[in-house]
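Hello,

Here is the structure I promised to pass on to you. Please open it beside this email and follow along as you read.

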Amino acid sequence: MVSVIEGPFRELESKVQGVFSGGLASYLSNSLLSGFATGASLTILTSQFKYLLGLRIPRPQGWFTLFKTWYSLLTNLSNTNICDLVTSLVCLLILIPTKELNNRFKAKLKAPIPFELFVVVIATVASHFGRFDTDYGSGVAGDIPTGFLPPQLPMWTLIPSVAVDAFSIAIVGFAITVSLSEMFAKKHGYTVDANQELYAIGFCNILPSFFHCFTTSAALTKTLVKESTGCQTQISGLVSALVLLLVLLVIAPLFYSLQKCVLAVIILVNLRGALQKFTDIPSMWRVNRIDTSIWLITMATSALVNTELGLLVGVLVSALCVLGRTQRAQVLELGRATTREHYEDLSSYHGLWTHPGVAVFRYEAPIYYANQRLFKKSLYRCAGLDPVKEKTRLMKFKRKNKQQGDVARVPNKNSRDLEGAGKEDGFEAGATVTSMLNNKSSRSLHSLVIDCSAILFLDTAGVNALKEVFKDYEELGIKVVLAQCNISVQDSLERGGYYPVKKGCDGGENKMMFFTIADAVYYVQSLSPNRDYDRKC
């Protein structure tokens with residue numbers, strides 16, 4: 001029954017993989033891939049210990065397999081098979097030094113010396129003539145069936161029963177394959193086409209689906225073994241396939257006496273490279289703490305909870321980190337360089353000049369629904385003038401003047417007339433607007449220039465936020481202009497109705513665009529009747 005179900009399951013899984021785009025690989029960062037590989041290596045390493053000790057314990061299923069495996073190992077430690085333990089130690093003493101010799105002299109050797117093959121042959125011969133399985137109870141490979149099962153058409157009626165599982169396996173299989181490909185591509189200096197990998201996995205599951213085969217995907221253990229032995233081209237895959245075919249058809253019975261602990265030792269030795277990543281954690285932390293945190297979370301989830309879940313958690317944590325960086329962006333006030341028309345952050349550079357009455361700001365993140373309120377709050381704080389609070393204060397001041405019957409003076413404030421602004425709210429010329437810039441000095445503002453060069457995109461909420469900023473400051477007589485907007489931002493502003501259409505006006509002035517900050521500053525300065533000289537900060 002199981003073989004009947006496997007056929008349509010493999011077929012459907014191959015078709016589902018063809019639907020995905022190779023763009024999924026763009027969400028797999030280097031820190032995520034490295035953490036996933038290290039976590040999976042820990043899981044594989046733990047699963048091999050029962051073979052090293054010769055323990056016959058069931059393989060745990062579900063989540064937290066690492067803890068379940070170690071619990072079973074510790075509780076059954078008294079049942080260790082001495083023959084398997086001694087064989088494992090001897091193989092380790094042989095393979096570890098020889099692997100180091102291969103790594104040290106790999107530049108001089110035309111091909112790595114296959115010490116693993118020698119160990120397998122010698123161990124098989126020793127186990128056979130020493131009768132390790134019968135005299136000492138050692139675990140051996142046993143009977144390996146030869147030949148192929150006859151092909152069989154899938155039962156299409158079973159597809160609804162396996163569709164959901166096939167969908168999940170397709171995603172996980174593709175993600176694991178691409179993650180391993182990207183990891184080794186970065187290590188050896190070549191590129192990987194994710195779309196090509198996707199098609200390859202899909203086609204590799206079509207033919208095997210008729211022969212009751214398991215789903216095709218990259219195997220971390222076998223990949224690490226081949227990489228550590230010096231395989232570089234697809235010829236190694238062809239050789240492996242021919243050897244495997246030869247084993248399945250002819251020489252499989254010769255490996256009957258091969259001890260499982262020998263295979264476990266080969267896997268253990270070749271996993272050392274992945275585990276050495278732990279020694280790089282301090283340097284990774286010094287370079288980038290966010291990437292290191294992604295690595296640690298992905299590694300811990302993959303190893304301690306579940307391998308597939310670790311990949312998903314790593315993608316989610318990486319996405320949340322990107323979103324978090326947009327939440328932490330702050331509005332910066334800019335100043336002009338003395339020798340050229342270049343603007344930079346006042347808090348980061350000395351000797352920059354500011355324009356009296358004109359403040360230039362930059363927001364280094366896209367403005368969308370998740371950070372539009374933070375953008376406005378940061379802009380108001382950096383400008384030292386919250387137009388909403390200022391309008392409320394002026395309204396209270398006006399009501400107080402009406403009650404007193406005279407015009408009161410606001411003490412310790414810099415004033416400027418609100419020429420024709422705020423008439424709908426009843427504001428009169430002579431009301432006071434105070435701008436406390438950088439919480440140190442105060443100056444009156446008549447214009448704000450927002451540098452949009454770092455704003456990649458705007459959504460509806462972002463356009464509305466800019467519209468609110470424009471409207472609120474306009475009611476206080478402060479003009480807001482935008483500079484260096486890219487095409488995407490300009491289109492979003494146009495579609496979002498940022499530029500109001502006034503009666504009797506062709507809209508040219510309202511839709512004015514400035515390609516540089518200097519052009520925007522010259523424009524707003526030309527609107528001021530009393531143009532002051534720039535000052536140095």
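Is Y368 buried or exposed in this structure? Keep in mind that the model is a predicted one. With a relative accessibility of 6%, Y368 is buried, because the cut-off for that word is under 20%.

Now look at the partner of Y368. Its ring pairs with the ring of F457, and the two centres are 6.1 Å apart. The planes meet at 40°, so the pair is called tilted: stacked would need under 30 degrees, and edge-to-face over 60. F457 is partly exposed, at 37% relative accessible area.

Where do these two residues sit in the chain? Y368 is in the loop between β4 (358-363) and α16 (372-383), while F457 is in the loop between β7 (447-451) and α18 (460-474). The pair therefore ties together parts that lie 89 residues apart in sequence. Y369 joins them as well: Y368, Y369 and F457 make up one aromatic cluster. The count for the whole model is 11 aromatic pairs.

Next, two residues to find by their backbone angles. R131 is not a glycine, yet its phi is positive, at about 50°. You will find R131 in the loop between α5 (115-130) and α6 (132-135), and it is exposed, with a relative accessibility of 51%.

Q484 is not a glycine either, and its phi is positive too, at about 60°. Q484 belongs to the loop between β8 (479-483) and α19 (487-495). Its relative accessible area is 28%, which makes Q484 partly exposed.

Enjoy exploring, and write back with any questions.

Best wishes

Notes:
Residues numbered from 1 in each chain as written. Predicted model: local features only at pLDDT ≥ 70, side-chain atom pairs only at ≥ 80, totals over all residues. Heavy atoms only, no water. Phe/Tyr/Trp six-rings, centres within 6.5 Å; stacked < 30°, edge-to-face > 60°. Helix = DSSP H or I, 4+ residues; strand = E, 2+ residues; numbered from the N terminus. Buried < 20%, exposed > 50% of the residue type's maximum accessible area, 1.4 Å probe, protein only.
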